[in-house]
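Biologist: Could you take me through one part of this model up close, with the cut-offs spelled out as you go? I would enjoy a helix first, and then whatever else you find worth a look.

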Amino acid sequence: MDATPLSDSSAWQRLGGADTAAEIAQQPALWERLAEDLAQARERVQAFLGDRLSDPRQRVLFTGAGSSGFIADMVADRINAQWPADVRAVHTTSLLTHPALYLQRDRPTLLVSFARSGSSPESVAAVDLLRAQVDDARFLDITCNPDGELARRGAGREDTCTLLMPPASCDRAFAMTSSLSCMLLSALCVFDAAPWPQRLEHLREAAALAREGLAQWDAPAAALAQRSFNRVIYLASGPLEALAREAALKVLELTAGQTLALANTPLGFRHGPKSTLDGNTLVVVIRSANALARRYEQDLLDELRRDGVAGQVLSIGPQSDLGGGDDHSLRAPPLDDAWLAPVWLGFAQLYALQRSAALGLTPDNPFPDGTVNRVVKGVVIHHG
């Protein structure tokens, strides 16, 4: 089939991908709206957090499952480096199975939950778990659904602050796209140590860059998706390592597992995973804004291109004075990797959407048989 532009809503309607396409395209506008919403929520959020981030005894757990868990991974290290509090990412899927590794009854703990629907069993159970096992537990729920369980159960509670994303971010499609990017940027705005006006300006800068990127990458990503790679590998480091995992998950989800997708770091890839390469493999290196990391990334790019084993090797990210070739780069403002992550994710979202359509699937619902669901089902919560 011929590639379909992101803006051709009628064509995507016929292909069963209208919601996914719209939710990818709307992200820059949603982020601009988000900046306005966060400016209004600033005093409420600051009052809730108080000076807890300045307390070394305070534990902050960023949590979620699946894509929401990857948000936690993308933001936690940056926030931890800025504050005395102990900040870490723990997926709900680990917190529920091994709570003793992460919770102490006498250690004040703030649970920051990322949840598109706010109704997944793990999200709700994680809140209940903290209330039962931590004496001083507080909850910041960053969610897209005002009618979800988290928003409903947290209403009116002094120990809970609910931060709702713009209404359109509650993706109707199967895959998380605009919901993920809005929640990620919200967390950065809330927890970054920079002055609030600067945080909101970073958000607006990311929106402008993403608008440029989606326009620039639409046709190349569509053309790339027409090639019959049956294996895709995303490589990135630092906060972007979780972005690589999310990018790989988008391919797996939207192709219903027909295209195998893996993620690793540029340095870690040589330690065994490089053996997965063959002529039907696409490798995408997501470049860091960090100059030192870019040198390691370029070494691997040069090596992979010199080896000639992979079907195609390309990179995306900020313009760099290293290397060249088929890079999909943008002139980025001086932002850290966590702030730029949702921009580069746009390329991966476009590719996954187009690859799904190229395989004859319906991107809005790649699993019409219900074997995988938009909101996870079938989870039984066990209590120790």
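Modeller: Happy to; here is a helix, followed by a pocket and a few single residues.

This is a predicted model, in which local features need pLDDT of at least 70 and side-chain atom pairs count only at pLDDT 80 or more, while totals for chains, interfaces and linings use all residues. Residues are numbered from 1 along each chain as its sequence is written, and side-chain values use heavy atoms, with hydrogens and water left out.

Let us begin with α12, which covers residues 337–358. Helices here are DSSP runs of H or I with at least four residues, strands are runs of E with at least two, and both are numbered from the N terminus. From first C-alpha to last, the 22 residues of α12 reach 31 Å, close to the expected 32 Å; that expectation is 1.5 Å times one less than the number of residues. The helix still has a kink of about 30 degrees, centred on V343, where the bend is the angle between axes fitted to the seven residues ending there and the seven starting there. As for its surroundings, 21 of the 22 residues of α12 are buried (under 20% relative accessible area; exposed is over 50%, partly exposed in between, with a 1.4 Å probe and protein chains only). Just after α12, G360 takes a positive phi of about 80 degrees.

A256 also has a positive phi, of about 55 degrees, although it is not a glycine. Most residues other than glycine have a negative phi. A256 sits in the loop between α10 (240–254) and β7 (260–264), and it counts as partly exposed because its relative accessibility is 28%.

In strand β9 (residues 312–318) you will find V313, which counts as buried because its relative accessibility is 8%. V313 and I233 are 80 residues apart in sequence, and their C-alpha atoms are 9.6 Å apart in space.

The cysteines deserve a glance too. A search of the whole structure finds 0 disulfides, a disulfide being a pair of cysteine sulfur atoms within 2.5 Å. For C144, the nearest cysteine sulfur is that of C170, 5.7 Å away. C144 counts as buried because its relative accessibility is 2%.
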